[in-house]
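Please load the model in the viewer and keep the selection panel open. The tour below proceeds stop by stop, naming what to select and then what is found there.

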Amino acid sequence: MFVNSLKLCSPLKIVNGGFLAAGNNAAVGHGALRVGQNNYSKVKGSCCKEVAQTEGKKVEVWPRPDPPPPAWRAECPCEPQPPNYDPYKIKVPDIVVPPMPPSNAKPMLDCSLTRGPCSAKPAPSPPECPPPPPKPFPWIYVWTVAGFFGTMGVIYKLYLWKEQQERLGENKPIWRPRPRLKSPYHDRDLPACVQYLIVGAGAAGWAAYKAIMEHDKKAKVFFISKEDCLPYIRLPMSKQMWWNPDPPDIKSLNYLEDGKRRTMYLADCSKFMDPVKFYRTKTGPAVSVATGWCVMRVDADEHVVYVKTMCGEQPIYYERCLLAPGSKPKSLSVFKSAPKAVRQKVCALRTVRDLELAQRGVRRARHVVVLGGGCLGTELAWHLGRMNQLIERKPDEEPLQIVHVFKDKGIMAGVIPDYLGEWATEKIKCEGVTVMPKTQVYDAFETPDGRVQLTLSNGTSLVTDYVLVAVGAEPRMELAEPSFLEQDPVNGGFLVNTELEARTHLYVAGDAASVYSQWRDVRFRDEHYDTAERLGLIAGANMTGHWLACNLEPHYWLRLGDALQMEVVGEVGACLPTIALFKQCAPEEVPKKTETPAGDGEKPCYKKSEEYQNRYKRGIVFYLRDETVVGLVFWNMPPIDDRRDVATEILRARPSYKDINLLAELLGFAETQCVYKTHEQLKEPGPCIRNWREF
Ligand SMILES: Cc1cc2nc3c(=O)[nH]c(=O)nc-3n(C[C@H](O)[C@H](O)[C@H](O)COP(=O)(O)OP(=O)(O)OC[C@H]3O[C@@H](n4cnc5c(N)ncnc54)[C@H](O)[C@@H]3O)c2cc1C
């Protein structure tokens with residue numbers, strides 16, 4: 001285009017050629033380009049007029065004709081100068097200072113002129129010395145003596161005060177709960193990644209560890225537990241632990257069962273490696289535990305759990321992870337909103353720390369209330385009653401008063417029929433426990449003497465020193481929402497499939513798992529030890545690559561020493577219709593009437609009559625749903641090893657209620673003997689725990 005326009009417009013071509021020839025200037029070049037881009041007419045002679053570039057501008061001649069300014073010359077003298085000669089010296093005129101004006105100050109007097117020479121007048125003699133001051137009073141001796149007697153007085157006063165405090169019993173050292181310790185202490189010592197990670201060191205977590213070790217001999221398993229102690233079993237906390245003469249020692253957690261010393265700990269601390277060493281170990285078998293650390297959330301997509309630290313969260317990567325956070329105890333709203341002084345005297349038992357607090361509270365108390373008629377409340381009431389008989393008290397000390405308060409007619413009202421619950425309640429009364437059925441707590445406040453007053457639904461009130469709350473438990477679901485894990489809206493807990501997987505490589509077991517039962521086509525969640533353990537075993541096996549389906553039946557038991565043993569298999573509930581078989585006893589087997597029934601004061605130990613006492617001694621309760629037997633309660637039946645498995649098989653066959661006699665035979669009911677013990681035999685003392693350390 002530019003070339004074409006040059007061809008068509010010759011004068012412009014010259015101008016442009018001139019520009020281009022002279023054009024080492026960028027501005028000029030740009031101008032030429034712009035000219036080239038113009039759309040000129042192709043008609044010859046119609047081009048723009050040739051205009052000189054200088055037109056209308058002032059043209060200056062170059063180079064300029066003005067003469068340059070004269071160059072600077074140094075005008076130095078030609079003759080030699082002295083060495084300090086300064087050619088730039090400025091000549092300053094000399095300054096002449098005028099003379100000072102005459103002073104008008106007074107002339108000084110000359111003393112020699114007025115007084116004469118000093119030597120002529122002798123100096124006056126100094127005055128006589130004053131007599132020496134008298135010696136100061138020896139206050140030091142006074143102060144010393146006064147100080148001595150003062151100190152003695154203070155010591156005597158302290159002695160009197162201490163004696164008075166001792167007399168009042170207020171000088172005992174105050175027990176404080178032990179501080180919560182973390183192990184390892186620093187979050188940097190937590191491993192960055194682990195092969196098998198188990199969150200929660202309870203029954204399910206420990207069972208999973210055992211299963212992993214069984215199926216993967218080189219496994220590296222790491223536990224994280226919120227509690228600041230090694231994995232332990234909770235069952236003795238509501239049972240034999242109360243019969244120990246001393247409060248629990250966290251180092252051993254010992255108790256006595258059938259005359260043998262046992263520990264609540266599932267493993268010795270030497271079994272667990274230091275977390276740093278564990279992380280450095282290349283291959284297993286290895287197991288380590290971080291206690292006192294809480295997992296905040298799980299990222300199942302990235303296979304990482306986040307542990308709460310002082311300044312945020314620390315990630316731990318895993319290959320397989322099991323969540324077994326268990327459950328937490330429920331409490332009553334009256335205690336939640338009660339003042340601190342009341343809350344300090346109320347305990348819902350779940351952890352070892354709770355047990356430490358509760359045992360000290362109960363030992364100091366003269367009156368204790370156990371709230372709740374479920375498994376835990378019943379066990380606590382019965383074992384506290386038995387503790388009263390086993391633990392020695394000072395001769396002047398009154399026995400502990402125990403009151404068992406529950407809202408239903410009898411104990412275990414959610415599981416067994418009312419008539420059976422009422423009958424079993426008598427067993428608790430036998431231990432000297434005052435039972436208050438059909439009673440609820442409406443309010444709780446502190447009395448002026450520092451005790452707790454409970455307002456009850458029957459219009460009365462109870463003043464007590466300590467309250468043990470056992471009104472059920474709920475699954476720990478804090479991890480569910482931040483980890484985006486599905487929850488069961490009906491049963492509560494984490495939704496898992498039959499292999500106990502919530503997400504890929506992320507498993508849930510124990511109290512917090514809502515499991516799909518394949519053969520019953522329902523979901524169930526069970527808060528009992530045996531179920532938690534079996535779920536843990538299945539989850540552990542599946543974590544190592546097995547595909548075990550979880551087709552369990554709920555199974556648990558209630559044992560009140562030799563007084564009552566109840567075992568539950570399958571679906572039970574007070575709302576289900578039941579059929580029960582109880583053993584008919586031969587007349588000679590019925591115990592003779594005893595002279596003094598056990599129990600407190602006026603109250604007879606058993607209700608009504610001798611016949612009632614033996615009516616429900618031994619039996620089986622069948623629970624029905626749509627005429628099918630779905631659950632069984634073995635009532636005081638002698639323990640058999642494989643009863644749970646036999647019962648599970650029977651329930652899976654979905655027997656009808658018409659086959660109950662056959663079922664009873666299969667379950668060994670026919671052979672069970674109805675041997676009764678006399679009251680004296682029933683009252684036989686438990687193991688002597690005074691010298692239990694000798695075992
Ligand atoms: C006093 C008492 C007596 C009992 N007696 C019986 C009985 O006689 N028979 C029976 O069948 N059942 C009984 N049970 C119930 C039984 O103990 C439980 O069902 C069982 O312990 C549940 O095991 P689990 O592993 O699911 O949970 P747990 O044993 O409760 O263990 C949960 C663990 O997870 C940890 N954890 C929770 N959240 C986190 C987190 N975010 N980060 C890290 N760790 C976490 C906890 O610290 C704890 O160590 C009793 C329970 C109690 C409290």
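## The chain as a whole

Of the 695 residues in the chain, 41% are buried. The model is predicted, and its secondary structure comprises 17 helices and 28 strands. Contacts between residues at least 6 apart in sequence are a further item to display: 68% of them join residues at least 24 apart.

## First stop: strand 1

Select residues 193–199, which form strand 1. This strand is mostly covered, with 5 of its 7 residues buried. Next, add residues 312–323, strand 8; 6 bridges join strand 8 to strand 1, and the two run parallel. Within this pairing, Tyr196 stands opposite Arg320 of strand 8.

Now add strand 2, residues 220–225. Strand 2 also runs parallel to strand 1, joined to it by 4 bridges. Here Leu197 has Phe222 of strand 2 as its bridge partner.

Before leaving this region, select Ser183 and Pro184. The peptide bond that joins them is cis, with omega at about 0 degrees. Pro184 belongs to the loop that lies between helix 5 (139–168) and strand 1.

## Second stop: Asp354

Select residues 352–364, helix 10, and highlight Asp354 within that helix. Which side chain of opposite charge is nearest to Asp354? It is Arg180, 6.9 Å away; Asp354 is buried yet has no salt bridge. The cut-off for a salt bridge is 4 Å between a side-chain nitrogen of Lys or Arg and a carboxyl oxygen of Asp or Glu, so the 6.9 Å to Arg180 does not qualify.

Show the backbone of Arg350 as well: its nitrogen lies 3.0 Å from a polar atom of the Asp354 side chain. Leaving aside residues up to four places away in sequence, Asp354 touches Cys347, Ala348 and Leu349.

## Third stop: Gln401

Move to strand 12, residues 401–405, where Gln401 is found. Gln401 is partly exposed, its relative accessible area being 44%. Beyond residues up to four places away in sequence, Gln401 touches Arg366, His367 and Val368. Val369 is also worth selecting: it is 32 residues from Gln401 along the chain, while the C-alpha atoms of the two are separated by 8.4 Å.

## Fourth stop: two residues with positive phi

Most residues other than glycine have a negative phi. Select Met412, which is not a glycine but has a positive phi of about 55 degrees. Met412 is in the loop between strand 12 and helix 12 (418–429).

Then select Phe484, another non-glycine residue with a positive phi of about 55 degrees. Phe484 lies in the loop between strand 18 (473–475) and strand 19 (494–495).

Is each of these residues buried or exposed? Met412 is buried, with a relative accessible area of 3%, whereas Phe484 counts as exposed at 73% relative accessibility.

## Final stop: an open sheet

Finally, select strands 14, 15 and 16. These 3 strands form an open sheet in the order 14-15-16, with antiparallel pairing. Strand 14 (441–446) and strand 16 (461–464) are the edge strands, each pairing on one side only. From one strand to the next, the twist averages 20 degrees.

To inspect one pairing, isolate strand 14 together with strand 15, residues 452–456: the two pair in the antiparallel sense over 5 bridges. One residue pair to label is Ala444 and its bridge partner in strand 15, Leu454. When viewing the side chains, recall that in a regular strand they alternate between the two faces of the sheet.

Terms used. Residues numbered from 1 in each chain as written. Predicted model: local features only at pLDDT ≥ 70, side-chain atom pairs only at ≥ 80, totals over all residues. Heavy atoms only, no water. Pairing = 2+ DSSP bridges. Axes fitted to C-alpha atoms, helices over the stretch in contact; angles between N-to-C directions. Buried < 20%, exposed > 50% of the residue type's maximum accessible area, 1.4 Å probe, protein only. Lys, Arg positive; Asp, Glu negative; His and termini not counted. Polar contact = N/O pair within 3.5 Å; in protein donor to acceptor, adjacent residues only side chain to side chain. Contact = heavy atoms within 4.5 Å.
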